[in-house]
Amino acid sequence: MLAACGKPAKSRLALNWKPDPQFGGFYAAPFQKHGLDVEILPGGAGTPTVQMIGAGSAEFGIVSADELVVARSRGNDVVALFAVFQNCPQGIMAHASRHLGSIGDVLKEGTLALQRGLPYARILEKKYGFDHVKVVPSPGGDISAFLRDEKFAQQCFVMSEPLQARHAGVDVKVFPVADVGYNPYTTVLATSGAQLKSDPGRAAAIVAAVRDGWRAYLDDPKPTNTRMHELNPSMDIAAFAEVAEAQKPFIETGDLGMMTAERWATLIGQLAELGDIPQSIQAQDCFRNM
Amino acid sequence: MRKFLPPLIPFVVITLALEWMVRSGLVPSYLVPAPSAVLRALLDNREELAAAMTKTSAAALIGFALSTLAGVAIAVLLSSSRAIQRALYPYAVFFQTVPIIAIAPLLVIWFGYGMKTVVASAFIVSIFPVIANTLTGLLSTDPALRDLFRLYGASPAITLVKLRFPAALPQILTGLRVASGLAVIGAIVGEFIGGEGLGSVVDIARTQQRVDKVFAAVLLASALGLALFGLINLISALTLRRWHASEQLQ
């Protein structure tokens with residue numbers, strides 16, 4: 001299985017955001033020990049990792065489960081190998097002072113910053129309508145507009161922006177998107193069907209290394225956080241530690257990275273109902289546990 | 001017909017080649033959409049796209065108009081004295097180098113979500129070529145003609161209106177041509193952050209991996225840029241036809 005002769009082939013792993021704790025296990029992964037030469041490519045807002053995997057400009061990449069299903073329906077053969085977040089960490093945060101009871105209440109007035117193209121945004125629109133709330137583009141991880149306006153709510157990673165807001169002295173209430181029944185795997189390691197077919201050994205080795213990496217990062221995130229902080233100095237080291245701790249319950253729910261056909265089938269059903277994909281996408285084609 | 005044929009040929013050739021490449025599977029459709037798919041996206045989403053196009057057009061036009069007025073005014077001020085020019089021109093250059101994508105989030109903080117932010121973005125990226133070209137034009141008046149005006153005792157104001165400004169028109173219009181395209185780009189970038197319009201359509205379609213719709217919106221943005229460019233050319237033809245070589249040869 002290990003490359004017997006000389007140097008292993010280089011693999012590129014494309015991230016869809018800057019180095020931060022959601023990628024901790026990838027930076028902690030002992031790739032060399034598994035006979036691999038992996039270059040991690042940090043991303044930014046809108047890095048099209050799913051297309052990069054399909055186009056072969058990265059052998060491996062980080063995607064979200066819904067992205068992957070939509071890509072498959074468009075003929076881009078991408079396969080999930082390892083799901084970091086077993087529960088979707090996406091949510092909507094609002095000022096606690098508004099005393100809102102549910103996501104539906106958030107949509108009754110004020111402003112909501114949200115990526116409208118995302119499936120859960122459209123599920124919300126379908127369920128509650130956006131007639132009473134002003135929907136504006138998501139400012140990414142920036143919370144300055146949120147801090148200035150009490151009636152401003154925004155999409156967030158539940159273990160990230162809410163912490164920033166609390167540090168800035170604003171008490172927040174967070175509504176996980178999973179509350180409305182939408183819970184795709186998030187921060188999913190994926191590869192192309194062609195890559196998986198031509199070199200299944202490499203995919204297996206990557207998954208093994210990543211699993212080791214996540215185990216190590218969950219047990220002791222400190223050394224990896226220091227390294228990621230050097231690559232992404234805009235996030236301070238205390239925030240790295242805090243987020244790494246807060247994300248644990250989303251990651252460690254059982255066997256690290258493992259996925260089920262039922263969860264994929266549920267997601268496919270939801271996306272088909274939105275009209276994004278045909279119902280014919282097969283759950284078992286979407287992923288491979290290794 | 002003879003005028004339209006030359007640009008039509010590359011269009012047809014490229015469109016057909018692209019269609020063939022996608023249909024034959026040479027290029028996957030999730031990376032580059034077939035022209036026929038873009039056309040379908042245009043038709044299927046015509047109401048949404050028309051509404052977005054109206055918003056983007058309005059914002060780009062207002063931004064462009066503002067940068068024309070302000071750009072020409074600033075250039076007149078700069079051309080009035082060497083000292084003022086030395087003191088202020090470097091700051092005008094600032095507008096050319098400002099990375100709009102970096103300051104666009106600040107525009108939202110200053111102007112709020114919506115139209116004002118989009119107009120401001122269009123204005124910022126399109127004003128510099130107007131200033132630079134107008135200034136060059138105002139400073140390169142024929143010295144002999146300037147002497148003539150002085151000899152007859154014309155005031156600086158009269159010299160500006162009757163001589164320097166008309167003589168600078170070809171350069172001013174060149175500046176406007178460059179600025180018109182930039183205003184459209186500025187509007188779209190502003191819309192990424194401020195919401196609404198074609199920029200918002202592109203943003204949403206990209207999230208949904210709808211490359212066909214992204215291209216449909218981009219196509220409309222180009223059409224808007226072309227229309228503005230055509231408008232400037234029309235003004236140029238009308239004002240320069242009688243005396244400037246650039247409009248007489250055709």
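Colleague: How far apart do the C-alpha centres of domain 1 and domain 2 of chain A lie?

Modeller: Happy to help! This is a predicted model, where local features need pLDDT of at least 70 and side-chain atom pairs count only at pLDDT 80 or more, while totals for chains, interfaces and linings use all residues. Residues are numbered from 1 along each chain as its sequence is written, and chains are lettered from A in the order in which they are written. With bounds from an automatic or database domain assignment, the C-alpha centres of the two domains of chain A are separated by 25 Å.

Colleague: Which residues make up domain 1 and domain 2 of chain A?

Modeller: Domain 1 of chain A is written in two segments, 10–87 + 184–286. Domain 2 of chain A covers 90–180.

Colleague: Which helices of chain A each supply at least two residues of the side of domain 1 that touches domain 2?

Modeller: The contact (C-beta atoms, placed from the backbone, within 7 Å) takes twelve residues from domain 1 of chain A and nine residues from domain 2 of chain A. Helices here are DSSP runs of H or I, at least four residues, numbered from the N terminus. Those supplying at least two residues each on the domain 1 side are helix 11 (237–246) and helix 13 (261–274) of chain A.

Colleague: What is the order of the strands in the open sheet of chain A?

Modeller: Strands are DSSP runs of E, at least two residues, and two of them pair if DSSP finds at least two bridges between them. The edge strands are strand 7 (134–136) and strand 9 (172–176) of chain A. With mixed pairing, the five strands of chain A have the order 7-6-8-5-9.

Methods: Two residues are in contact if their C-beta atoms, placed from the backbone, lie within 7 Å.
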